[in-house]
Amino acid sequence: MDRVTWRTQVLFRHLHDPGMRRLLDAHNLQDRDWLFGLMMQSKLFCPRNVAGRVFVSPDYNQSMEQQREMTMKRIGYLLDRGVFRGWLTEKGPEAEMRKLAFMDVLAIFDHSIAVKLGWCNPVFGTKRHHDKWLRDTENYAIKGCFAMSELGHGSNVRGIETVTTYDTNSGEFVINTPCESAQKFWIGGAANRFAAFLSPLTSGRVTIAVSAVYSSKIGLAIAIRYSLTRRAFSVKPNGPEVLLLDYPSHQRRLLPLLAKTYAMSFAANYLKLIYVKRTPESNKTLHVVSSALKATLSWHNMRTLQECREACGGQGVKTENHVGHLKSEYDVQLTFEGDNNVLMQQVSKALLGEYMAAQKRNKPFKGFGLEHMNEACPVIPSQLTSSTLQNCQFQMDAFCLRERDLLNCFALEVSQYLKQGQSKEYAFILSYQLAEDLGKAFSERQILQTFIDAEATVPAGSLKDVLGKLRSMYALICMEEDAAFLRYGYLSTNNAAAVRKEVTKLCSELRPHALALVSSFGIPDAFLGPIAFDWIEAYSWSSTQK
């Protein structure tokens, strides 16, 4: 065995051991695996044997009514086996993290079942109401959904037309739908202003953000595994065909998305933590961070699934290979629980509010991670070497420089419109381009910080080395893709070229670890598609005729 092969196998064992998965999933690994096992054991989850492997997935050839009926049967099966024990009635971070872990697993199997479970949760009221309704809701004796969006009003919840009045004579609330546009039209919980105070509704944005990451993981696990077995063309006449992932262009398509998905896994774990540990004082931060990450992670999911679909060629279109179908299933995430663009505007508006408050009080910034605004302005070196580009302090400096400058520019532009006599709301609307840039800068800086924090928990060694390369890939691909770094002069054209060159270098350095990195997602083989394994046998004539 040559040294390169030996080292590759050693690194694979390091990355493929439970350590990397523990870092990514972060909590309730045994509960997750138990639920995976429950689904694989039941015919309700449509297990089928393909070329000696068992795969589970919904039967998408059924009618809508049949699929709805099957979803309720699956829920009943899981209910009988205790999956929903304490779903609503148990309190505290431990119970909530168990529930979120189960939501992760259920979303890996089917987006539909996760939505039906996730949207039936908010039950408001006092202890008297909870004592009466929660247990029966948890046990599915009572079924329902949270219907807030109307035909005429979605994100603008303040504009809903339904009128509720209290009848003192009967002691009842009378709900009136005065016109056609006031009819309840969607389940959902995207409340503009008062969502910050309704933490049960925030769970929707949390679960969407997290499930978007797991959907990206499925797409990447399938596409990268396929690219490690599929060959196309030869470099030399009569030479062997080349593996797809050995083409630098194919690496460039998938490996930056893999690094981003790792980064967003850590951000999703952070979001879960601040959600389960929420307090009335932290709800504003939770609202802002969940809005930013819901938008950023779901946008990333759509881009990832599209690239994975294309990278798998025609096989990526087949429903049983999941990637194309996932894209159509998860596309709705971009608009429910709040249109992503609207959510990002809320983020920028909240940051502007913090800026104005700090200026008015003449006090340091505190909250939203804006404490870096209190420090001296970072300076980007005139020439960037490879070691500098992969340095986490440089990466954070660059991200902080972008965020603080954009926040200053945004505040200045809004104030100029105010001086011209525009209203505060319209001044904000006119400054939408800076608002978009700022929302992105805030989100990506938050994500980078969670990656650095996760990396810091890992001792020195090969695992930490690979994490460092993934973190560098995430930071540098963000710099390359965001025109703001060039538009506002945070990077010179020469430095931007150096960033691009370093991304290509990182692709080649991460290529040997690709299989280990997607295996560490912890998704059982049964939940992937046939092209992730022996696709020739899976689609041979003998197999397809069984």
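**Briefing: cysteines, helices and selected residues**

The count of disulfides in this structure comes to 0, a disulfide being a pair of cysteine sulfur atoms within 2.5 Å. This is a predicted model, in which local features need pLDDT of at least 70 and side-chain atom pairs count only at pLDDT 80 or more, while totals for chains, interfaces and linings use all residues. Residues are numbered from 1 along each chain as its sequence is written, and side-chain values use heavy atoms, with hydrogens and water left out.

**Cysteines**

- The closest cysteine sulfur to that of cysteine 409 belongs to cysteine 377, and the separation of 11 Å is too far for a bond.
- Cysteine 409 is partly exposed, with a relative accessible area of 27%; buried means under 20%, exposed over 50%, and partly exposed in between (1.4 Å probe, protein chains only).
- For cysteine 478, the closest cysteine sulfur is in cysteine 400, at 13 Å, which is also too far for a bond.
- Cysteine 478 is buried, its relative accessible area being 1%.

**Helix 10**

- Helices (H or I, at least four residues) and strands (E, at least two) are DSSP runs, numbered from the N terminus.
- Helix 10 covers residues 283–311, and its 29 residues should span 42 Å at 1.5 Å a residue; the expected span is 1.5 Å times one less than the number of residues.
- The end C-alpha atoms of helix 10 are 41 Å apart, which agrees with the expected span.
- Of the 29 residues of helix 10, 21 are buried, so this helix is largely enclosed by the rest of the structure.
- Glycine 313, just after helix 10, takes a positive phi of about 60°.

**Threonine 335**

- Threonine 335 lies in the loop between helix 11 (323–330) and helix 12 (340–361).
- With a relative accessibility of 47%, threonine 335 counts as partly exposed.
- The C-alpha atoms of threonine 335 and serine 298 are 9.6 Å apart in space, although the two are 37 residues apart in sequence.

**Arginine 471**

- Arginine 471 is part of helix 17 (residues 462–481).
- Its relative accessibility is 6%, so arginine 471 counts as buried.
- The side chains of arginine 471 and glutamate 455 make a polar contact at 2.9 Å; such a contact is a pair of N or O atoms within 3.5 Å, and within protein one must be able to donate a hydrogen and the other to accept it, with residues adjacent in sequence counting only if both atoms are side-chain atoms.
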